[in-house]
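User: Please take a close look at a single part of this model. I should like to know how that part sits in its surroundings and how far the prediction supports the description.

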Amino acid sequence: FHNIAPIFASTINEAMDRFTENPDILLVVMDAGIPPPPNKITTVPLVRFIREKFAGPIIANASYGPDNYVLMEAGCDHSSTNKDPIPKIEKILGLGN
(Lines give C-alpha, C1' and ligand atoms only; values in the text may rest on other atoms or scores of the structure.)
Protein backbone atom coordinates (compact mmCIF):
# COMPACT_ATOMS: atom_id res chain seq x y z
CA PHE A 1 0.00 0.00 0.00
CA HIS A 2 2.00 2.96 -1.35
CA ASN A 3 5.15 1.97 0.58
CA ILE A 4 3.47 2.88 3.87
CA ALA A 5 4.19 0.65 6.85
CA PRO A 6 1.43 0.64 9.46
CA ILE A 7 2.38 0.57 13.13
CA PHE A 8 -0.06 -1.17 15.45
CA ALA A 9 -0.48 -1.14 19.23
CA SER A 10 -2.70 -3.16 21.56
CA THR A 11 -2.54 -0.98 24.67
CA ILE A 12 -2.42 2.73 25.44
CA ASN A 13 1.13 2.45 26.82
CA GLU A 14 2.30 0.48 23.79
CA ALA A 15 0.77 3.10 21.48
CA MET A 16 2.55 5.91 23.35
CA ASP A 17 5.84 4.01 23.09
CA ARG A 18 5.40 3.29 19.37
CA PHE A 19 4.54 6.91 18.68
CA THR A 20 7.59 8.13 20.60
CA GLU A 21 9.89 5.57 18.92
CA ASN A 22 8.77 6.56 15.40
CA PRO A 23 9.22 10.30 14.85
CA ASP A 24 8.65 9.96 11.09
CA ILE A 25 4.94 9.10 11.43
CA LEU A 26 2.89 10.89 8.76
CA LEU A 27 -0.62 10.15 9.98
CA VAL A 28 -2.38 8.53 12.95
CA VAL A 29 -5.57 6.46 12.76
CA MET A 30 -7.16 6.30 16.20
CA ASP A 31 -9.82 3.85 17.34
CA ALA A 32 -12.04 4.92 20.22
CA GLY A 33 -11.31 1.98 22.47
CA ILE A 34 -8.36 -0.16 23.38
CA PRO A 35 -9.51 -2.95 25.74
CA PRO A 36 -10.19 -3.21 28.56
CA PRO A 37 -12.93 -2.16 29.36
CA PRO A 38 -15.21 -3.19 26.49
CA ASN A 39 -17.46 -0.66 24.77
CA LYS A 40 -15.81 2.36 26.41
CA ILE A 41 -13.95 5.28 24.88
CA THR A 42 -10.46 4.78 26.27
CA THR A 43 -8.19 6.59 23.81
CA VAL A 44 -8.95 10.24 24.60
CA PRO A 45 -5.78 10.54 26.76
CA LEU A 46 -3.78 8.96 23.92
CA VAL A 47 -5.15 11.43 21.37
CA ARG A 48 -4.21 14.31 23.68
CA PHE A 49 -0.71 12.84 24.24
CA ILE A 50 -0.12 12.53 20.50
CA ARG A 51 -1.62 15.93 19.67
CA GLU A 52 0.78 17.66 22.08
CA LYS A 53 3.71 16.45 19.99
CA PHE A 54 2.24 15.91 16.52
CA ALA A 55 0.83 18.53 14.15
CA GLY A 56 -0.04 16.01 11.44
CA PRO A 57 -3.42 14.45 10.69
CA ILE A 58 -5.12 12.23 13.25
CA ILE A 59 -8.15 10.30 12.00
CA ALA A 60 -10.86 9.33 14.50
CA ASN A 61 -11.82 5.84 13.35
CA ALA A 62 -14.53 4.34 15.56
CA SER A 63 -17.19 1.81 14.66
CA TYR A 64 -19.81 3.82 16.56
CA GLY A 65 -20.15 7.23 14.90
CA PRO A 66 -20.72 9.36 18.03
CA ASP A 67 -17.41 8.09 19.44
CA ASN A 68 -15.67 9.88 16.58
CA TYR A 69 -17.08 13.20 17.84
CA VAL A 70 -15.51 12.59 21.26
CA LEU A 71 -12.16 11.86 19.61
CA MET A 72 -12.47 14.97 17.43
CA GLU A 73 -12.99 17.08 20.55
CA ALA A 74 -9.86 15.48 22.04
CA GLY A 75 -7.69 16.48 19.08
CA CYS A 76 -8.42 14.38 15.99
CA ASP A 77 -8.96 16.46 12.88
CA HIS A 78 -10.56 13.90 10.54
CA SER A 79 -13.21 11.22 10.93
CA SER A 80 -13.74 7.82 9.32
CA THR A 81 -15.45 4.53 10.10
CA ASN A 82 -13.77 1.27 11.04
CA LYS A 83 -15.13 -0.30 7.87
CA ASP A 84 -12.84 1.52 5.46
CA PRO A 85 -10.33 4.16 6.54
CA ILE A 86 -8.12 3.55 3.48
CA PRO A 87 -9.83 6.09 1.15
CA LYS A 88 -9.59 8.75 3.87
CA ILE A 89 -5.88 7.97 4.38
CA GLU A 90 -5.22 8.14 0.63
CA LYS A 91 -7.05 11.45 0.35
CA ILE A 92 -5.26 13.06 3.28
CA LEU A 93 -1.83 11.90 2.09
CA GLY A 94 -2.56 12.75 -1.56
CA LEU A 95 -2.21 9.13 -2.69
CA GLY A 96 -5.37 8.90 -4.80
CA ASN A 97 -5.38 6.73 -7.87
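The discussion that follows concerns helix α3 and its surroundings. Which residues of α3 are buried, and what covers them?

Analyst: The model is predicted, so local features need pLDDT of at least 70 and side-chain atom pairs count only at pLDDT 80 or more, whereas totals for chains, interfaces and linings use all residues. Residues are numbered from 1 along each chain as its sequence is written, and side-chain values use heavy atoms, without hydrogens or water.

The protein averages a pLDDT of 89 (the predictor's confidence in each residue, from 0 to 100), and 93% of the residues score at least 70. Among its elements, α2 has the highest mean pLDDT, at 96, and helix α4 (residues 86-93) the lowest, at 89.

Four helices and three strands are present (DSSP runs numbered from the N terminus: H or I of at least four residues for helices, E of at least two for strands). Along the sequence they follow the pattern α-β-α-β-α-β-α. Of the 97 residues, 36% are buried (under 20% relative accessible area, against over 50% for exposed and in between for partly exposed; 1.4 Å probe, protein chains only).

Helix α3 spans residues 65-74, and its buried residues are Asp67, Asn68, Leu71 and Ala74. Viewed down the axis of α3, these residues fall within an arc of 115° (taken from the directions between axis and C-beta atoms), so they line one face of the helix. The face turned away from them carries Tyr69 and Glu73, which are exposed. Strands β1 (28-30), β2 and β3 (78-81), together with helix α2, are included in what covers the buried residues of α3. Just after the helix, Gly75 takes a positive phi of about 145°.

Asn68 repays closer study. This residue of α3 counts as buried because its relative accessibility is 5%. The side chain of Asn68 reaches the backbone oxygen of Ser80 at 2.7 Å, and a polar atom of that side chain lies 3.3 Å from the backbone nitrogen of Asn61. Apart from its neighbours within four places in sequence, Asn68 is in contact (heavy atoms within 4.5 Å) with Ala60, Asn61, Ala62, Ser79 and Ser80.

Helix α1 (residues 12-21) offers a parallel case. Its residues Ile12, Ala15, Met16 and Phe19 are buried; they cover an arc of only 100° around the axis, and therefore lie on the same side of α1. Asn13 and Glu21, on the other side of α1, are exposed. Helix α2 (44-53) is included in what covers the buried residues of α1.

Pro57 belongs to the loop between α2 and β2 (58-62). Pro57 counts as buried because its relative accessible area is 17%. Beyond its neighbours within four places in sequence, its contacts are Leu26, Leu27, Val28, Asp77, His78 and Ile92. Pro57 and Asp77 stand 20 residues apart in sequence, yet their C-alpha atoms are 6.3 Å apart in space.

For the protein overall, residues 24 or more positions apart account for 51% of the contacts with a separation of 6 or more. Taken along the principal axes, the C-alpha atoms fill a box of roughly 40 × 30 × 20 Å.

Methods. A polar contact is a pair of N or O atoms within 3.5 Å; within protein, one must be able to donate a hydrogen and the other to accept it, and residues adjacent in sequence count only if both atoms are side-chain atoms.
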